[in-house]
Amino acid sequence: MKKSEWIPTVCYQCKAECSIIARVEDGKLKEIRGNPKARGKACVKGMAGVSSEYSSDRLTYPMKRLGERGEGKFERISWDEAIDIIFQKLKDLKDRGDAHKLTANFFPHSITDLKWRFLNAYGGFINTALPHCDSAKILAFIKTMGGVPCHHIPPAWFTVPKGGIMILAGRHAFGGLEDAAVPKDILDAKARGAKLVVIDPIFTPEAAKADQWIPIKPSGDTAFFVGMIQHIIAKDLYDKDFAENWIREGDFEKLREYVADKTPEKMSAICDVPVETIKQFAEECAKAPSAGVDSFKGVMLGNALDFSHAWCLFLAITGNIDNPGGQPLPDLVSLSPVEPEPAGPDLHELGWHRTGPDKDKFEKYSFIMEPTWYEAQAIKNGGLKVLITAESNPALTEMGQVSWQEAVCEKDESGEYNLELLVSFEIMMSETAKFADLVLPDKSYFERWELLYMPWWYNFGHGVVLRQPVVEPPGECRHSNEIFIELGKRLVPEYFQFEDDLAYYDIQLAGLGLSVKKLQEIGGLWSPGTMGFRKYEKAGGFGTPSQKVHLYWEDLEESPWNQAFPRVELAPEYRVNVDQYPFILISYRTIYHSGSGQWTHNNPQLRDKVSGFYENPLMVNPATATDLGISQGDTVTVESPCGSVQVMVTLSEGIRPDCVGLGHGFGSTVGRVATTGQGVSNNYLIPDAGSTLDWQDLIGGESHVSTRVRIMK
Ligand SMILES: Nc1nc2c(c(=O)[nH]1)N[C@H]1C(S)=C(S)[C@@H](COP(=O)(O)OP(=O)(O)OC[C@H]3O[C@@H](n4cnc5c(=O)[nH]c(N)nc54)[C@H](O)[C@@H]3O)O[C@H]1N2
Ligand SMILES: Nc1nc2c(c(=O)[nH]1)N[C@H]1C(S)=C(S)[C@@H](COP(=O)(O)OP(=O)(O)OC[C@H]3O[C@@H](n4cnc5c(=O)[nH]c(N)nc54)[C@H](O)[C@@H]3O)O[C@H]1N2
Ligand code: SF4
Ligand SMILES: [Mo]
């Protein structure tokens, strides 16, 4: 390595995975910045990556459990011994005809991830926290437009024209970053004369910068959008050109009929937004040169699919699909297949289902994969025998964490664990690793190779991005992908005929005329060209069966609730327990932490009383506090139907009086820095997916941010 250089790579302090450049001096990582070639931003977490890299809590050698699961006692072992334990167990499982009882819980950086390939070849099951953040919105876009425009991808805010409207509905874009460039892009668009409107029960940082803040009643968003749609159609303000040419014949008339009685007056009563606001904003959006919507966890409720459907209807009737400032559709390039491509097991045929082995009960749900709940459920049913986690932390990150911890410790009559092997790849000790039989030290994102490919990045056009090592790993760290390749070569060699990860990526890149080396030479980013707009015009239509936009979803006529058009009622979870639990708990992310917070809270730059984020007090409206007789700084008990926590109160006018707010991602009990801070895990309060299935969509939503609670002094 040269004495001092800037090396382009990809951040992974959070799931946004921004392109960054890393300054390395004499083999030591010194500084992180946004990659100017990818519009150049790194957030506070990204820049604090240097401290994570050199944390004294980094795991540096493989360890085997001593004592019982959860005690957190380990002894050092060699990689050979660790890999052999996994190999023997997986061989045994496959010989028993139980390969599908292997689950790997990880964050797939790409749909071509090597871990995923191993699972498909071996016959196991991938489980990830990812799809449940926005499965409903993905599904809605597929059904309406035949494409997946938006997994972790907001509208291209950098393309919003003057007068365009940017709508954040349940989207904390300045804190829950999807790319570090988003906040600046939104503010730049504002400076160009675009308008920012924030729909959120909380006065968020983006609300503070907005032209208009709409403090909606939680889960009233569907009613709000349907009210706007009704008004736009009634006033004849819809985009006639788009409707005529690109909406499936008959659908618009059906929509007109469906919304006829859903007037702004009626919808206002549901969402608690004034009638005039609904009407005025609807007219503005219809007349604006563009209107784009971003939404995420804030609407991942029991009516998530309904909201996502209403969102798509709104885009369609205002003609905001694949236009600058509206909802972009991705321009995908394909990577070359690595033959033979493993097909993956037919889990359905094996009596399984994505939601676990309890097939009869859960058959109709096809996209709910809350990892914690699913894993606990599968262990109890005898359907999960080997669990390998990497880059995920099910023991802390999810509601249902207590039943996960119980399930992994469950034993049969002979005293053996029902879950026969639990492996955790980690960079630092985590809540999940504490329970593992094997804890394996991973290479950090500054130490490993990865080819990232997916319709994933906000910076559209970067079809392929290279994560490359910038420093040497400490101790004996090895990348989880290297271990999966080794296991693949021993267990399913026909699918692992390539030498290593780099050889695999070279095959994939060949069709694009690229190789890892070439990609490295051109700066680690490759783009098929411009992102392009109105691609459907050139392509002669959309990816739907009719090639037109489908407003009406006839296949969901038969759902228990008839969801061919969206239901406008509040989410079911807000309609139960109203008397006993009068407040709605809202949770949100902060820019200082990521996910379960396990490693960002363990970073001294991010977890600090002065410059970082130290604890998560309960946000309470002063009027509510007066009613309850509580004041700033008091400790209160927050209780939900499934648990309770004690937390300090902070008063704020910036939250609806019928809601209380709590930051997500606290409560770690391991890590030298993390455990010096305070804060509680909101997940103790939130019911797990199993207990809320009846409230949820057929396909989609999970009640992450929505629970009824009561407050006791
Ligand atoms: N810093 C940071 N960035 C991240 C992450 C992280 O952990 N940390 N995680 C990444 C991941 S995996 C994800 S999924 C995204 C999540 O990104 P977001 O969904 O934007 O993140 P949250 O902060 O959970 O935002 C929820 C917002 O919805 C609001 N809300 C709650 N209920 C309602 C409602 O009924 N209606 C409306 N209109 N609003 C409501 C809340 O007040 C809050 O502002 O962030 C990604 N980026
Ligand atoms: N109540 C509530 N619960 C939620 C949410 C919510 O809004 N509210 N959000 C949900 C959402 S959207 C998501 S996506 C999930 C996220 O949940 P998870 O997918 O479980 O992700 P994290 O909690 O971020 O855990 C990441 C783990 O990976 C480790 N890690 C970090 N870098 C590396 C690495 O390079 N290699 C390895 N091997 N490990 C690494 C960290 O130390 C940490 O333990 O949480 C969900 N849970
Ligand atoms: S948003 Fe920040 S922490 Fe997340 S990937 Fe981008 S720079 Fe890294
Ligand atoms: Mo997520």
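**Strand pairing and ligand environments in the predicted model**

In strand β14, V439 is the bridge partner of M63. The model in which this pairing occurs is predicted. The contact belongs to an antiparallel pairing in which two bridges join β4 to β14, the latter comprising residues 438-441. Strand β4, formed by residues 63-66, also pairs with β5, formed by residues 73-76, in the antiparallel sense and over four bridges. Within this second pairing, L66 stands opposite K73 of β5. Six residues separate the strands of the β4-β5 hairpin, and G67 there adopts a positive phi near 75 degrees.

A further hairpin is built from β2 and β3. Strand β2 (residues 19-25) and strand β3 (residues 28-34) run antiparallel and are joined by six bridges. One of the paired positions places R23 opposite its bridge partner E31 in β3. Two residues lie between the strands of this hairpin, where D26 takes a positive phi near 45 degrees. Another positive phi occurs at E17, which is not a glycine and has a value of about 50 degrees. E17 is located in the loop between β1 (4-10) and β2. Most residues other than glycine have a negative phi, and most peptide bonds are trans. A cis peptide bond is present between E339 and P340, with omega about -10 degrees. P340 is found in the loop that runs between α13 (304-317) and α14 (359-362).

Strands β15, β16 and β17 make up an open sheet of three strands, in the order β15-β16-β17 and with antiparallel pairing. Because β15 (450-453) and β17 (525-526) stand at the edges and each has a single partner strand, one side of each is left without a neighbour in the sheet. The antiparallel pairing of β15 with β16 (residues 464-467) extends over four bridges. L451 has L466 of β16 as its bridge partner. Strands of a sheet pair through backbone hydrogen bonds, either parallel or antiparallel.

The environments of three ligands were examined next. Ligand 1 is surrounded by 32 residues, of which R171, L177, D200, S219 and R589 are the closest. The shell consists of 13 nonpolar, 12 polar and seven charged residues. Side-chain and backbone atoms both take part in polar contacts with ligand 1. An N or O atom in the side chain of R171 lies 2.3 Å from an oxygen atom of the ligand. A polar backbone atom of G175 is 2.7 Å from a nitrogen atom of ligand 1, and a backbone N or O atom of L177 is 2.6 Å from a nitrogen atom of ligand 1. Of the 920 Å² of accessible area that ligand 1 has on its own, the protein covers 98%.

Around ligand 2 there are 27 residues, the closest being N393, E426, R448, S596 and N683. Helix α5 (131-145) and strand β13 (421-426) each contribute at least two residues to this shell. By class, seven residues of the shell are nonpolar, 12 are polar and eight are charged. The side chain of K297 places an N or O atom 3.4 Å from a nitrogen atom of ligand 2. Backbone atoms are also involved: a polar backbone atom of T397 is 2.8 Å from a nitrogen atom of ligand 2, and a polar backbone atom of S596 is 2.6 Å from an oxygen atom of the ligand. The protein covers 98% of the 930 Å² of accessible area that ligand 2 has on its own.

Ligand 3 occupies the space of the second largest cavity. The surrounding residues are C11, Q13, C14, A16, E17, C18, A42, C43, K45, G46, L177 and A180. Eight of these residues are nonpolar, two are polar and two are charged. The shell includes E17, the residue with a positive phi in the loop between β1 and β2. L177 also belongs to the surroundings of ligand 3 and is among the closest residues to ligand 1, with a backbone N or O atom 2.6 Å from a nitrogen atom of ligand 1.

Methods:
Residues are numbered from 1 along each chain as its sequence is written. Chains are lettered from A and ligands numbered from 1 in the order in which they are written. This is a predicted model: local features need pLDDT of at least 70, side-chain atom pairs count only at pLDDT 80 or more; totals for chains, interfaces and linings use all residues. Side-chain values use heavy atoms; hydrogens and water are left out. Two strands pair if DSSP finds at least two bridges between them. A residue is near a molecule or strand if one of its heavy atoms lies within 4 Å of it. A polar contact is a pair of N or O atoms within 3.5 Å; within protein, one must be able to donate a hydrogen and the other to accept it, and residues adjacent in sequence count only if both atoms are side-chain atoms. Accessible areas come from the Shrake-Rupley method with a 1.4 Å probe; for residues, only the protein chains shown count as cover. Ala, Val, Leu, Ile, Met, Phe, Trp, Tyr, Cys and Pro count as nonpolar, Asp, Glu, Lys and Arg as charged, and the others, Gly among them, as polar. On a 1 Å grid over the protein atoms alone, a cavity is a set of points where a 1.4 Å probe fits but cannot get out, and a pocket is an open set with protein on both sides within 12 Å along at least five of seven lines; lining residues have an atom within 4 Å of a point. A molecule sits in a cavity or pocket if more than half of its atoms lie within 2 Å of its grid points.
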